[in-house]
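Thank you all for coming; I would like to take a few minutes to walk through one structure with you, going from charged contacts to strands. Please have the view open while I talk.

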Amino acid sequence: MSEERKGFLRGMFERATGTTSRELQTEQPPADEPRKKPGLFERLKAGLKKTTDGLVGRIDALVLGKKEIDADTLEELEEILITSDIGVKTTVELIRSLEQRLSRNELKDGAALRGALKDELLARLLAHHTPLRLEGTAPFTILVVGVNGVGKTTTIGKLAAKYAAEGRKVLLAAGDTFRAAAAEQLEIWGERAGVSVIRHQEGADPSAVAFDACKAAVSRGTEILIIDTAGRLHTKVNLMEEMKKIHRVIGREIPGAPHETLLVLDGATGQNALSQARLFKESAGVTGIALTKLDGTAKGGIVVAVSHEFGLPVRFIGVGEGIDDLREFEPNEFVDALFQTS
């Protein structure tokens with residue numbers, strides 16, 4: 001790969017991570033004025049600010065100060081929830097639950113309605129929440145799927161950096177052999193995280209890459225193997241056949257693999273994310289979700305919609321461009337950050 005090409009790809013990497021490849025060029029604060037890094041909760045709240053302003057801000061404008069809650073208020077709330085990408089199905093269930101509370105005289109004012117809505121959203125996230133457990137299986141194999149442009153390669157790179165920082169031995173497989181420069185981008189992430197990448201030439205059979213990666217992972221004593229896949233918008237039949245082939249190959253080499261099939265979705269795409277989740281769950285056997293770019297949208301209600309409508313746990317959320325802004329999803333923390341407007 002030419003130096004010019006490497007420079008272009010590194011520029012893409014630096015824009016994706018919010019970092020530069022030359023740490024020594026970063027201006028450091030004076031020794032007597034240490035730079036205070038925001039806590040995890042503060043960073044989460046900052047990343048969700050657009051969602052909070054767009055969703056909770058509109059809810060507060062509707063309900064706070066109201067001395068009485070009636071059917072008209074719930075109808076207006078229903079419109080806010082649907083336009084915030086919580087989805088029609090989930091919204092209908094939420095409103096039905098709130099109507100039942102109203103009939104029991106539990107929603108006496110706007111503050112009570114706001115609290116009840118927060119509880120109902122949390123309950124739906126908790127219903128499907130299960131953290132990703134890596135222990136007990138080695139190499140733990142994560143198959144990553146999703147269409148082009150959702151941040152799939154970036155998510156893989158950030159996961160690799162996270163696990164490598166924890167002292168785990170990680171291997172990446174560049175199974176997206178159809179998109180130009182996908183393997184090179186993954187190699188840059190691997191270099192940054194200090195992990196190896198198995199790749200073939202552009203246009204190669206993705207299953208062959210997966211096969212070689214599984215062999216390498218076993219022989220090297222790898223703890224976590226993360227396999228990228230093509231993000232083309234296939235027809236449903238082609239997608240199913242390609243995924244079935246990859247599943248057969250890695251399952252034959254590593255018993256029980258893939259142990260996680262992680263679907264990466266762009267939180268800013270709204271209802272398109274729901275359509276993608278439906279397609280990939282049917283064709284790829286998705287077991288978990290990573291939602292990216294939540295810092296760039298006021299419609300973060302998609303987190304609730306995807307998890308609830310498809311019964312899938314949200315494993316990770318991306319709330320910034322930094323390498324450590326891919327966060328393990330915690331429903332309580334998420335809802336608290338969402339509703340804490342000050």
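Let me begin with Arg 199, which at 27% relative accessibility counts as partly exposed, since partly exposed covers the range between 20% and 50%. Please keep in mind throughout that this is a predicted model.

Which residue does Arg 199 meet in a salt bridge? The partner is Glu 187, and the closest N and O atoms of the two are 3.2 Å apart. This pair links distant parts of the chain, with Glu 187 in helix α8, residues 182–193, and Arg 199 in the loop between β3 and α9, the two being 12 residues apart. Glu 187 is likewise partly exposed, having a relative accessible area of 30%.

The loop between β3 and α9 also holds Asp 205, which is linked to Lys 245 in helix α10, residues 236–253, across a separation of 40 residues in the chain. Here the salt bridge brings the closest N and O atoms to 2.9 Å. Lys 245, at 34% relative accessibility, counts as partly exposed, and Asp 205 is partly exposed as well, with a relative accessible area of 35%. Beyond such pairs, there is a network in which salt bridges that share partners join Glu 135, Lys 162, Glu 166, Arg 168 and Glu 328.

A search of the whole structure finds 21 salt bridges, and I would like to pick out one further example, in which the side chains of Arg 114 and Asp 60 meet at 2.6 Å, N to O. That pair connects helix α6, residues 110–127, which carries Arg 114, with helix α3, residues 49–63, which carries Asp 60, and the two residues are 54 apart along the chain. Are these two partners buried or exposed? Arg 114 is buried, with a relative accessible area of 17%, and Asp 60 at 14% counts as buried too, the limit for that word being under 20%.

On the surface, by contrast, there is a patch of negative charge where Glu 68, Asp 70, Asp 72, Glu 75, Glu 76 and Glu 79 gather. Of these, Glu 79 lies in helix α4, residues 71–83, and is exposed, with a relative accessible area of 53%.

Let me now turn to the strands. In strand β1, residues 140–145, 6 of the 6 residues are buried, and therefore this strand is largely enclosed by the rest of the structure. In a regular strand, the side chains alternate between the two faces of the sheet. In β1, Phe 140, Ile 142 and Val 144 point one way, while Thr 141, Leu 143 and Val 145 point the other way, and all are buried.

Which strands pair with β1? One is β4, residues 224–228, in the parallel sense over 5 bridges, with Val 144 standing opposite Asp 228. Another is β5, residues 260–266, again parallel, over 4 bridges, and there Glu 260 is the bridge partner of Ile 142.

Finally, strand β7, residues 314–318, has 5 of its 5 residues buried, so β7 too is largely enclosed by the rest of the structure. With β6, residues 288–292, it pairs in the parallel sense over 3 bridges, Ala 290 having Phe 316 as its bridge partner. With β8, residues 326–328, β7 pairs in the antiparallel sense over 3 bridges, and Gly 318 stands opposite Leu 326.

Methods
Residues are numbered from 1 along each chain as its sequence is written. This is a predicted model: local features need pLDDT of at least 70, side-chain atom pairs count only at pLDDT 80 or more; totals for chains, interfaces and linings use all residues. Side-chain values use heavy atoms; hydrogens and water are left out. Buried means under 20% relative accessible area, exposed over 50%, partly exposed in between (1.4 Å probe, protein chains only). Two strands pair if DSSP finds at least two bridges between them. Patches are made of residues with over 30% relative accessible area and no salt bridge: like charges are joined within 9 Å, nonpolar side chains (Val, Leu, Ile, Met, Phe, Trp, Tyr) within 5 Å. Accessible areas come from the Shrake-Rupley method with a 1.4 Å probe; for residues, only the protein chains shown count as cover. A salt bridge is a side-chain nitrogen of Lys or Arg within 4 Å of a carboxyl oxygen of Asp or Glu. Lys and Arg count as positive and Asp and Glu as negative; His and the chain ends are not counted. The place of a charge is taken as NZ of Lys, CZ of Arg, CG of Asp or CD of Glu.
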